[in-house]
Amino acid sequence: MRIEADLKLGFKDVLIRPKRSTLKSRAQVALERTFTFMHSKRQWTGVPVIAANMDTVGTFEAAEVLAQFGMLTAIHKHYSFAAWERFLAGRDTDFFERVMVSTGTADEDYAKMGEILALAPQLHFICIDVANGYAEAFVDFVQKVRATWPDKTIVAGNVVTGEMVEELLLSGADIVKVGIGPGSVCTTRVKTGVGYPQLSAVIECADAAHGLGGRIISDGGCACAGDVAKAFGGGADFVMLGGMFAGHDESGGEVVERGGQTYKLFYGMSSATAMERHSGGVAEYRSSEGKTVEVPYRGPLRETVKDILGGLRSACTYVGAGALKELTKRTTFIRVLEQESKAFT
């Protein structure tokens, strides 16, 4: 046993210090980024915000909306092959670069992913998603996928430490997904005691990834547009959102009416709700590591997207970053004991 005594930080522990700016308007800020990925060698240009591969968030309907903003959707892995066929029919080339094909590591997941990629070879991204990216079997699976699809851009995760980011990149991943336990419907930290404050994880993992020419996604922990800005300021190349995209017309989840209010269910993919829906229940050897909540109905996803991107542009103007790619270099975090006034909630 050992103790690391240095303080680790989450988004709530900091604010971004403003700096002198020559920008006259938020409209001047360029949010698009261009990346060339280390293994696939593919170039991608877009707004690097991703809808999480949860069945209440990473839906075909959400992808339709986010693609219009140049953003990405990690489509959840529970759609049928026939549903994918209908979804992809008649799409143009640009749209194929706005979606990720998600997969687990089971044999049936691998086979299904192969069928989907054969259906549309133009698909750019594979998202290999497990709760614990530290397993040797996971690294082996990443190597297997890279060997089979050398020209695809592979996302792999989740991890929270630099040495594992490096191992996954060297094993064939182009982008590593960072985050264990920060999500709004994740209970991993409560059930297992395992985790890492998200901002520190992003800072440390970005440093490790960029040293090798890889990229990272900050996955989880964003509750507002300011948190998205902090994730990018900390060095994230992409930010993945779950709860912020839940509860909309385009989101999955059962609609619930209560007390004259409308809600939509939102749950973690390791929750009892998800496992009962997709796996026949919680296996005897494990416990649920997610919760189910009712999110107030939020209307069209488009309005939330515009709010998030508007906040991100504004953050850039406060530090004098004319483009999102400049935000990290212009960011100084200050530790704080308060974030906002709670006089009216």
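A residue is called buried when its relative accessible area is under 20%, exposed when that area is over 50%, and partly exposed in between. These terms recur throughout the following account of a predicted model. Ser25 offers a case of the middle class: its relative accessible area is 35%, and therefore Ser25 counts as partly exposed.

Ser25 is situated in the loop that links β1 (14-16) with β2 (33-36). A polar atom of the Ser25 side chain lies 3.0 Å from the backbone nitrogen of Ala27. Ser25 also has a distant partner in sequence: Ser314 is 289 residues away along the chain, yet the two C-alpha atoms are 8.7 Å apart in space.

The overall dimensions of the chain may be considered next. The protein chain contains 12 helices and 15 strands. Its C-alpha trace spans about 55 × 55 × 55 Å along the principal axes. The radius of gyration is 19 Å, which agrees with the value near 20 Å that a compact globule of 345 residues would have. Of these 345 residues, 53% count as buried. Among contacts in the protein chain with a separation of 6 or more, 68% are between residues 24 or more positions apart.

The principal sheet to examine is a barrel. Eight strands close into it in the order β4-β5-β6-β7-β8-β9-β10-β11, with parallel pairing. From one strand to the next, the twist averages 25°. In general terms, the strands of a sheet pair through backbone hydrogen bonds, in either the parallel or the antiparallel sense.

Strand β10, which comprises residues 215-219, serves as a useful point of entry to the barrel. Four of the five residues of β10 are buried, so the strand is mostly covered. On one side, β10 pairs with β9 (residues 175-178) in the parallel sense over four bridges. Within this pairing, Lys177 has Ile217 of β10 as its bridge partner, and Val178 stands opposite Ser218 of β10. Strand β10 is also joined to β11 (residues 238-241) by three bridges, and these two strands run parallel. Ile217 takes part here as well, standing opposite Phe238 of β11.

Helices accompany these strands. Helix α8 (residues 198-212) lies across β9 and β10, and runs at about 170° to β10. Helix α9 (residues 225-233) forms a right-handed β-α-β unit together with β10 and β11.

Elsewhere in the barrel, Thr73 illustrates a buried position. Thr73 belongs to strand β5 (residues 72-75). Its relative accessibility is 0%, and Thr73 therefore counts as buried. When neighbours within four places in sequence are left aside, the contacts of Thr73 include Ile50, Ala51, Gly58, Thr59 and Ala62, as well as Arg98, Val99 and Met100.

Two features of backbone geometry deserve attention. Most peptide bonds are trans, and most residues other than glycine have a negative phi. Against the former tendency, a cis peptide bond joins Gly157 and Asn158, with omega of about 20°. Asn158 is found in strand β8, which covers residues 153-159. The second feature concerns Lys41, a residue other than glycine whose phi is positive, near 65°. Lys41 lies in the loop between β2 and β3 (43-46). The relative accessibility of Lys41 is 61%, and so this residue counts as exposed.

A further sheet remains to be described. Three strands form an open sheet in the order β12-β13-β14, and their pairing is antiparallel. Strands β12 (255-258) and β14 (292-296) are its edges, each pairing on one side only. Neighbouring strands of this sheet are turned against each other by 40° on average, direction ignored. Strand β13 (residues 261-267) pairs with β14 over five bridges in the antiparallel sense. Within the sheet, Tyr263 stands opposite Pro296 of β14.

Conventions: Residues are numbered from 1 along each chain as its sequence is written. This is a predicted model: local features need pLDDT of at least 70, side-chain atom pairs count only at pLDDT 80 or more; totals for chains, interfaces and linings use all residues. Side-chain values use heavy atoms; hydrogens and water are left out. Buried means under 20% relative accessible area, exposed over 50%, partly exposed in between (1.4 Å probe, protein chains only). Two strands pair if DSSP finds at least two bridges between them. A crossover is right-handed if, with the strands pointing away from the viewer, the path from the first strand over the helix to the second runs clockwise. Axes are lines fitted to C-alpha atoms, for helices over the stretch in contact, and angles run from 0 to 180 degrees between N-to-C directions. Contact means heavy atoms within 4.5 Å. A polar contact is a pair of N or O atoms within 3.5 Å; within protein, one must be able to donate a hydrogen and the other to accept it, and residues adjacent in sequence count only if both atoms are side-chain atoms. The radius of gyration is taken over C-alpha atoms; the globule rule is 2.2 Å times the number of residues to the power 0.38.
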